[in-house]
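Notebook, one chain. I list what I looked up, entry by entry.

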Amino acid sequence: MTSVNTSEDNCKKNNDNGQDDPDDEMNESRVVPSEAQGEKLDSNVEHNDLGEMNKNEDSKSQAVECSDLAKINECRELESKGEGGKLEDKNEVVDSCDKINEDSDLDSNAGVETNQDPDEIVGEEEEQEPVFDGIEVPGMEANRSTSSRSLDLDSEVEGSTWPEKAVTLKNLVKVKSSVAVNIFLRRLSLKKDEIGEDVSVDENKVASDSSKDIEVAEDFQKMSERSLWNPLNYIRKSTDVDAENIAEQGEEAIKETPKPLVMRGTILLYTRLGSQDCKEARLFLYQKRLRYAEINIDVYPSRKLELEKIAGSSAVPKVFFNEILIGGLSELKGLDISGRLDEKIEYLVTEVPSFEAPVPPLSGEDDVSCRGAIDELAVIVLKMKNSVVVKDRFYKMRRFTNCFLGSEAVDFLSEDQYLEREEAVEFGRKLASKLFFQHVLDDNLFEDGDHLYRFLDDDPIVSSQCHNIPRGIIDVKSKPISEIASRLRILSYAILEAYASEDGRHVDYRSVHGSEEFARYLRIVQELQRVELQDMPREEKLAFFINLYNMMTIHAILVLGYPVGALERSKLFGDFKYVIGGCTYSLSAIQNGILRCNQRPPYNLMKPFSAKDKRLQAALPYPEPLIHFALVSGNRSSPALRCYSPGNIDKELMEAGRDFLRGGEFFLDLQAKVASISKIFKWFSVDFGKNEVEVLKHASNYLEPAASAALLELLASSQLKVIYQPYDWTSNC
């Protein structure tokens, strides 16, 4: 009774002041007047959804609401006086409350229908890329092409709504308010009749219903806690997964990996690419629980001179405990055998490094990324961006965001560069050819007049989905793609050697995330904004895009977290993008559009690139089936991680194919005449052959000679049964 009167007083007070009640977000109630109607209206109470009211209601609607609350109080007073038999008065109150509910529902529905922005209805339609998420559903090919469009619409909605915390908090308040109002209304309806019968059964029902509401509120609280997430929390080591599997089988769980020793000193390990002794030195320090900082002299050339100065030689590996030179791998093992290594470790635990000790790699050390001569054209473009009016505009019955008029750009160039209007148009075409901006519909390169153009970093897809353009347009001159690819290859090789397992099947994502090598990788991929890909030879293009795909997957997992379902995989392969040469590329676009020569992804009806798509010029001349043994999507069924060079790309891909199939992705049972093969050969069968027999013949090229001969013999006799292995989407961490 008190809560209703308080709400009525607050409502009257706000109505008198001409203000809205900020806490009265949901106002809808039902009252059961008598025991005769209690059963019917009690069900209405249980299934009643509290309508959400606008905070900006006018004073008239608040006055009506307050008057109906007064009728509710009047009904309560009649019941307290024992006048429960006057159904006419109570029914009148119920009818008025029902009318309020109907009006509020109509208002809420009207708000949903009328709150659409007409600009969004005729807004810009973006071409979507088909994405393969690895799920097989009968009849999926018929409706698969619409999946990526719905994902992009979801991302746009997320960008325009409240942040996740605000939405969770709002839902929690609504549920708690619903719980309180439901409990009050049910207690209001559960009264003893005039005979004095007890309705304990209904009270138990109310208690159970209220407990359910409380559980819902607790679920929203858990959702709020889960919103504070870190993508790395979803990446578990393979040993943790194996321990859980063994525990489920009833065996003893694997003990957790011992944590590194806490030391005041530092350990520096000098290495180089391709050295087996360096790999063994890393493993030795890891087994001894010694945390170290690695300095790869191929990645940091200046450190090679430093090593020669302090150690007298550039031979690696070299290990330093603070300022003390321990030596190479043999010296480490010798100290361990003699028992003196424990003394050295105790020294590290207690002593801090002196000023004479070498220091770990510094941020940006020996990094030429985003450095070099200033691009004068980029400086002019940045000035033009601050001068012309960049805003949303309508063009050909469509709405385009963040664009400018060609005439305004010509006006700026004429004034800033002291050019005639025709010369300014030619200069603008030069800027457009260097990929600083482009036409919103790609109708022309650059023209004077009312044509709409958009700067590269103002493109909605580039700004929202591309992760290699964080600071906008870079102002240094674009370097040749061959130079960028070479540095990317060396850095990828260093990251895989330092943070991947020896067989390339597992990646230490946590260590990669905080490494200086990964920070350098992020700076390298920024240089891809305006590179030219058309003149790349096949071998260089093949090696570059394979290495980029594998590193881009690691970057996507570190940003989005490892995908645990089909929706997350679709976002990983289709929504995480880089801008390369002025165009946007997702993982799916690189795999199916570039490396597979614009072939249709599995369970999709559309090709990645249309006939007018500029990215089609960068595609390989024909599909390369061996790429499926080199592209790593971050799961356990993927091939091993490698780094590929353009000089030996075909040989390295052949080796990758042999290692992939001989490592368990192909099994032949001669007695049962059954071949078990990776599902990759089913998904991408068009790349390996026209039918299943040709696909298996292609696979026989990578098997051992005996297995290959047995497979071909069974294929000739047509007695072979083929089984495709289940694909393991578990993380390869």
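**Helix α17.** I looked up which residues of α17 are buried (under 20% relative accessible area with a 1.4 Å probe, protein chains only; exposed is over 50%, partly exposed in between). In α17, the buried ones are A424, V425, F427, G428, L431 and A432. Seen down the axis of α17, its buried residues fall within an arc of 165°, so they line one face of the helix. The arc is that of the directions from the helix axis to the C-beta atoms. I treat helices (H or I, at least four residues) and strands (E, at least two) as DSSP runs, numbered from the N terminus.

The model is predicted: local features need pLDDT of at least 70, side-chain atom pairs count only at pLDDT 80 or more, and totals for chains, interfaces and linings use all residues. Residues are numbered from 1 along each chain as its sequence is written, and side-chain values use heavy atoms, with hydrogens and water left out.

I then checked the length of α17. The helix covers residues 421-433, and at 1.5 Å a residue its 13 residues should span 18 Å; the end C-alpha atoms are 18 Å apart, which agrees. The expected span is 1.5 Å times one less than the number of residues. For packing I used contact, meaning heavy atoms within 4.5 Å. The buried residues of α17 pack against α15 (376-387), α16 (406-416) and β7 (437-439). Just after α17, L435 has a positive phi of about 70°.

**Sheet with β7.** I followed β7 into its sheet. This is an open sheet of four strands, in the order β5-β6-β8-β7, with antiparallel pairing. Two strands pair if DSSP finds at least two bridges between them. β5 (391-395) and β7 are the edge strands, each pairing on one side only. Neighbouring strands here are turned by 55° against each other on average, direction ignored. Axes are lines fitted to C-alpha atoms, for helices over the stretch in contact, and angles run from 0 to 180 degrees between N-to-C directions.

Three bridges join β7 to β8 (residues 452-455), in the antiparallel sense. F437 has F455 in β8 as its bridge partner. I also looked up α16 against this sheet: α16 lies across β5, β6 (398-405) and β8, and runs at about 10° to β6.

**Sheet with β11.** The next sheet I looked up is open, has three strands in the order β11-β12-β13, and its pairing is mixed. Its edge strands, each paired on one side only, are β11 (666-669) and β13 (721-724). The average turn between neighbouring strands of this sheet is 15°, direction ignored.

β11 and β12 run antiparallel and are joined by four bridges. F666 stands opposite I677 in β12. The hairpin of β11 and β12 has four residues between the strands, and in it K673 takes a positive phi near 55°. β12 (residues 674-677) pairs with β13 in the parallel sense over four bridges. There A675 stands opposite V722 in β13.

I checked the side chains along β11. In a regular strand the side chains alternate between the two faces of the sheet. In β11 F666 and L668 point to one face and are buried, while F667 and D669 point to the other and are not. Helix α25 (residues 649-665) lies across β11 and β12, at about 55° to β11.

**Helix α29.** Which residues of α29 are buried? They are S708, A710, L711, L714 and L715. These cover an arc of only 165° around the axis, which puts them on the same side of α29. P705, A706, E713 and A716 are exposed on the other side of α29. The buried residues of α29 pack against β11 and α28 (692-700).

α29 covers residues 705-717, and at 1.5 Å a residue its 13 residues should span 18 Å; the end C-alpha atoms are 19 Å apart, which agrees. S718 follows α29 and has a positive phi, near 55°.

**S314.** I looked up S314, in the loop between α12 (301-311) and β3 (318-321). Is S314 buried or exposed? At 19% relative accessibility, S314 counts as buried. Leaving aside neighbours within four places in sequence, S314 is in contact with I297, K304, L307 and E308. S314 and K304 are ten residues apart in sequence and 6.1 Å apart in space, C-alpha to C-alpha.

**Whole chain.** I closed with totals. The chain has 29 helices and 13 strands. Of its 733 residues, 47% are buried.
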